[in-house]
Amino acid sequence: MDDEYDVVILGTGLKECILSGVLSVEGKKVLHMDRNSYYGGDSASLTLNQAYEKFKKGTPLAELGNPRDWNVDLIPKFLMSSGLLVSMLIKTDVTRYLEFKSVDGSFVFQDKKIHKVPSNTTEALKSSLMGMFEKRRCGKFLEYVGDYERDDPKTHKGYDLTRMTARQLFKEFSLSAETIEFIGHAMALNSSDEYLDKPALPIVEKTRLYGESVLKYGNSPYIYPLYGLGEMPQGFARLSAIYGGTYMLSKPIEEIIYDAEGRAVGVKSEGEVAKCKFVVGDPSYFSDKVKKVGQVARLICMLSHPIDGTNNAESAQIIVPQKALNRANDVYISLVSSTHKVAAKGKYLAMISTIVETANPEAELAFAKSLLGKIDDSFFAVSDLFVPLDDGRRDQVFISKSFDPQTHFEETCQDILDIYKRITGKDMDLTPKEAARDE
């Protein structure tokens, strides 16, 4: 380990592994270390034995089947099929290490029952989510979203989406409060109503991304990797290794070494120092350089059945909007199963998550838990949300944010792109290789 590197990366979470892979491809000499004995950090997928050990629950129940048939994600998320993470996977060709399966459906809890979010015109016309006249108004809004091009003023219809708020834009289309909640939370995937009084451009772009992602596979906007989310950090780790990256697991980090100007120049582990030009890592390695901004409550449940109201879906997302529970933040449910190679045959993994708002976070998940039916066993955890105190340019220590409770990776990827730009001074090129060669 006593060697010189361009960068030392601490933690093998998805964000760190993507940056490790991309920087290695660009010719940087990378040393990647993790205190854990497994890849993935907070975005790991654990066997059932590992999960029971982590959550201190003793021995797995016999009725859950072979523990090695389970891959339990620590964070519940899907990939938007037209989203940023898919672009990163395609650009880096990490898709060759992974196999994906589309998610069966996206659902929303409204009017005291679970509804499927329509994925095509026929479903929209049959849906009981809104009446016929409201469907027409909603259709006109979605048509506007589909036609909108940021660089083509003709598609703007006179609306300046950088100045008018989302609330004002919805008013222009005379949308009801129920439809606004549906679009804002079930399609644009906002976790609270704070977006309503902010510029309207993000709501249009997020809704468009949802629609484009649905068109890819037809049932929902989401895909999910077989064998769990932990496969993705490992895929990017393999990419880094191909380009000369060095990986070390079970490495306790003793100290970050700084020069006289306060810039990071090395990392000390087990008495050895790896010299470097800058350091990247997750918040758990930098307690003095991050601040706590909240908490996420997560409940991982093992089931022997699908969730009622989802048409026996083997995978699904269910959003319980905050207004349905008199909360400030939505509650998310994600479901995967043995068809995704993450559970024993005939078994399901349901994961509930939300931002903590009270002194009793487990109770905040109780309603969503009631939607699951009989639970074989479960793991509950509360995780602190951390953000870096500064951008890292001064001390050359670039720290990622904690994973949010949402069931997609768009905010995660924005953090990756932001860190990359702070490190390199340029935007990450996500142009697919074939397109780049054609140019």
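Lys91 has a relative accessible area of 21% in this predicted model, and because the buried class ends under 20%, Lys91 counts as partly exposed. The side chain of Lys91 takes part in a salt bridge with Asp429, with 3.6 Å between the closest N and O atoms. Helix H3 (residues 84–92) holds Lys91, whereas Asp429 sits in the loop between helix H12 (410–424) and helix H13 (433–438), so the pair ties together parts that are 338 residues apart in sequence. Asp429 is partly exposed too, at 42% relative accessibility.

This contact belongs to a wider set: the structure holds 26 salt bridges. Side chains of opposite charge can pair when their charged atoms come close. Another such pair is Asp395 and Lys289, whose side chains meet at 2.7 Å, N to O. Distant parts of the chain are again linked, 106 residues apart: Asp395 comes from the loop between strand E19 (377–388) and strand E20 (397–399), and Lys289 from the loop between strand E14 (278–281) and strand E15 (290–303). Here both partners, Asp395 and Lys289, are buried.

The salt bridge of Arg327 with Glu357 brings the closest N and O atoms to 3.3 Å. Both residues are found in loops, Arg327 between strand E16 (316–320) and strand E17 (331–337), Glu357 between strand E18 (348–355) and helix H10 (361–364); the pair therefore ties together parts 30 residues apart in sequence. The two partners fall into separate classes of accessibility, since Arg327 is buried at 13%, while Glu357 is partly exposed at 34%. Elsewhere, Glu149, Arg208 and Glu212 are joined into one network by salt bridges that share partners.

Turning to the helices, H5 covers residues 132–147. At 1.5 Å a residue, its 16 residues should span 22 Å, and the end C-alpha atoms are indeed 22 Å apart, so the expected and computed lengths agree. Several residues of H5 are buried, and they include charged as well as other side chains: Glu134, Lys135, Cys138, Phe141, Tyr144 and Val145. In helix H1 (residues 14–25), attention falls on Val25, which is partly exposed at 38% relative accessibility. Together with Ile242 and Tyr243, Val25 makes a nonpolar surface patch of about 280 Å².

The strands offer a further view of the fold. Strands of a sheet pair through backbone hydrogen bonds, either parallel or antiparallel. In one open sheet, three strands follow the order E11-E12-E13 with antiparallel pairing. Strand E11 (255–258) and strand E13 (272–275) are the edges, each pairing on one side only. From one strand to the next, the twist averages 30 degrees. Strand E12 (residues 264–269) is joined to E13 by four bridges, and these two strands run antiparallel. Within this pairing, Val267 has Ala274 of E13 as its bridge partner.

The loop between E11 and E12 contains Glu261. With a relative accessible area of 54%, Glu261 is exposed, because that class begins over 50%. Glu261 and Gln322 are 61 residues apart along the chain, and a distance of 47 Å separates their C-alpha atoms.

Note on methods. Residues are numbered from 1 along each chain as its sequence is written. This is a predicted model: local features need pLDDT of at least 70, side-chain atom pairs count only at pLDDT 80 or more; totals for chains, interfaces and linings use all residues. Side-chain values use heavy atoms; hydrogens and water are left out. Patches are made of residues with over 30% relative accessible area and no salt bridge: like charges are joined within 9 Å, nonpolar side chains (Val, Leu, Ile, Met, Phe, Trp, Tyr) within 5 Å. Accessible areas come from the Shrake-Rupley method with a 1.4 Å probe; for residues, only the protein chains shown count as cover. A salt bridge is a side-chain nitrogen of Lys or Arg within 4 Å of a carboxyl oxygen of Asp or Glu. Buried means under 20% relative accessible area, exposed over 50%, partly exposed in between (1.4 Å probe, protein chains only). The expected span of a helix is 1.5 Å times one less than its number of residues. Two strands pair if DSSP finds at least two bridges between them. Axes are lines fitted to C-alpha atoms, for helices over the stretch in contact, and angles run from 0 to 180 degrees between N-to-C directions.
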